[in-house]
Structures are given as structure tokens and as C-alpha cells.
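I sat down with a new chain today and wanted to see what I could read off it. These are my notes, in the order I looked things up.

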Amino acid sequence: MKRGTYYVKSFEEDFCTKTLVGKEKVDFQSVFDIVKTKKIKPNTKSFGRKRRLSCTILGEHYTKTYRPQGIIFQTQTQPDYIFPFDLVLLSATDRIIVHYYRIKNNLHVYYNHTLLPGFEKFIFKDFSSMIRKYPSPEKAWVAVNLFRKSKGFGALPQQKFRLVEYNEAIFHKPVLIKPIAIFGYRAETSKIAEKLNLPHYVSAKHFYKHLESK
């Protein structure tokens with residue numbers, strides 16, 4: 001990638017990360033705290049895994065994001081590991097929901113599934129090795145479907161393809177960051193970017209296209 005590696009952490013509309021306390025979803029860290037401290041803390045607890053920070057690494061074929069707004073940043077910290085798609089595709093269930101807004105009030109239900117045995121085959125230590133194995137979301141889509149069918153689950157319908165259009169870079173400890181930009185198409189997002197003194201883009205894809213044009 002040009003000019004280093006860029007990560008995305010997406011947020012809900014209120015620009016706060018969330019975490020689960022029992023069955024309750026609670027605010028965890030605001031974008032204002034993240035930019036002020038230049039640190040993002042692990043917030044996600046799901047699928048029987050320890051608490052982690054899930055981000056996306058932007059690349060030529062990975063410009064989509066989990067949610068439509070968030071922060072773009074750089075860090076010198078290397079991810080503990082990377083998945084070439086949303087981790088939910090490796091969960092032992094056929095009830096896989098594509099759009100976060102449909103589950104955000106029932107995270108304790110959808111995040112309570114275990115992962116399929118052998119899921120570790122999709123773990124990569126760095127982005128370049130992941131891209132060598134799965135150079136495009138289409139390649140990852142074929143591979144995860146074959147894997148799920150080998151475990152007794154049906155093929156994923158095409159409307160779930162969105163879940164392979166972004167990757168998951170996982171950190172288990174707080175990450176020191178250099179904030180780069182805020183993205184999101186809602187009118188309030190540009191105001192948040194202005195308050196944070198950061199550039200604003202309507203999407204991570206627009207940011208990446210701008211980067212590539214330099």
C-alpha cells in the first residue's frame with residue numbers, strides 16, 4: 001500500500017465503541033476520547049474469544065467497512081492476527097446476519113455462538129500473507145463456503161457476500177494510534193471531524209481512492 005498501512009475502526013451513529021456487560025450493550029469509548037488519548041481500547045467480546053479490538057486494514061480490494069462511519073488511523077503496533085472476512089462467517093450457526101443494525105440490540109444472542117472447529121486455518125499473522133492466499137474477497141468467499149460445507153452447514157447465500165468485503169485485524173491490547181481522518185456520509189459526521197480537527201471523507205473507500213490518486 002502507498003504511504004504505509006491504514007486501519008479503520010467503525011462506530012455506531014453516536015461515534016462510540018460498545019461492549020457487552022452481561023446481556024447489556026454499553027458505551028465503551030468515544031471517538032473524542034480516542035483522538036484525545038491517541039489510544040483505542042479492545043471492546044469486542046464474542047464467540048468465546050477474549051476481549052479484542054477488531055479493525056479493518058484498507059487495501060485495493062478491501063475498502064468496505066463494517067459500519068458506514070468511523071475513524072481511519074495508523075499505528076506502529078502489529079495486529080495479533082488477521083481474518084480475511086468478518087469472523088461471524090466462522091461461527092457454528094446458519095443464522096448469520098449481514099447488517100449490524102439488525103443485531104445491535106441483541107448482541108448477546110448473536111455473539112454467543114462458538115466458532116467452527118478448524119477455524120484457525122483462516123488466521124494470518126500479517127496482511128501481505130493474507131493477500132497472497134486470498135487476493136480478493138471472491139477467493140475468500142469460495143474458501144469459507146467450502147469450509148462451512150465441510151462442517152455440515154449450507155452454502156452461504158449471495159446476500160451474505162458483504163461479510164467478505166472487509167477483513168478483521170485483531171488486537172488484544174490497547175493500541176496507540178495516529179488519527180488520520182473521520183469518515184461517514186451523515187451530515188453530523190463532518191461536524192465531528194471539524195471538532196476533532198481531522199479531514200472528513202464520506203466513506204473509507206473515498207479516502208483510499210484519494211490516497212491512491214496522490
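The entries below go from the whole chain to one helix, a few loop residues and a pocket.

**Ground rules.** I am working on a predicted model, where local features need pLDDT of at least 70, side-chain atom pairs count only at pLDDT 80 or more, and totals for chains, interfaces and linings use all residues. Residues are numbered from 1 along each chain as its sequence is written, and side-chain values use heavy atoms, with hydrogens and water left out.

**Whole chain.** I found six helices and 11 strands; these are DSSP runs numbered from the N terminus, with helices being H or I of at least four residues and strands E of at least two. Of the 214 residues, 54% count as buried. Buried means under 20% relative accessible area, exposed means over 50%, and partly exposed is in between (1.4 Å probe, protein chains only). The accessible surface comes to about 10,800 Å², and 51% of that belongs to carbon and sulfur atoms. That area comes from the Shrake-Rupley method with a 1.4 Å probe; for residues, only the protein chains shown count as cover. I also checked contacts, meaning heavy atoms within 4.5 Å. Among those between residues at least 6 apart in sequence, 74% join residues at least 24 apart.

**Helix α5.** Which residues of α5 are buried? I got T189, I192, A193 and L196. They sit on the same side of α5, because they cover an arc of only 100° around the axis; the arc is that of the directions from the helix axis to the C-beta atoms. My textbook reminder: an α-helix has 3.6 residues a turn, so residues three or four places apart point the same way. What do the buried residues of α5 pack against? The answer is α1 (31–37), β10 and β11. Over on the other side of α5, A187, K191, E194 and K195 are exposed.

**Around α5.** Right after α5 comes N197, with a positive phi near 60°. N197 belongs to the loop between α5 (187–196) and β11 (200–201). Is N197 buried or exposed? N197 is exposed, at 70% relative accessibility. Before α5, I looked at Y185, in the loop that links β10 (178–183) to α5. Y185 is exposed too, with a relative accessible area of 59%. Leaving aside neighbours within four places in sequence, Y185 touches P68 and V202. P68 is 117 residues away from Y185 along the chain, yet their C-alpha atoms are separated by 7.3 Å.

**F15.** Here I met another positive phi in a residue other than glycine, near 55°. F15 lies in the loop between β1 (7–10) and β2 (16–21). F15 is buried, with a relative accessible area of 2%.

**Second largest pocket.** Its volume is about 180 Å³. For the pocket search, a 1 Å grid is laid over the protein atoms alone; a pocket is an open set of points where a 1.4 Å probe fits, with protein on both sides within 12 Å along at least five of seven lines, and lining residues have an atom within 4 Å of a point. Which helix gives the most to the lining? That is α6, with four residues. Both α4 (137–150) and α6 (204–213) supply at least two residues each. The lining includes E60, H61, P137, E138 and K205. I sorted the lining residues into three nonpolar, two polar and seven charged.

Definitions and conventions
Grid points are joined across faces, edges and corners, and a volume is the space filled by probe spheres set on the points. Ala, Val, Leu, Ile, Met, Phe, Trp, Tyr, Cys and Pro count as nonpolar, Asp, Glu, Lys and Arg as charged, and the others, Gly among them, as polar.
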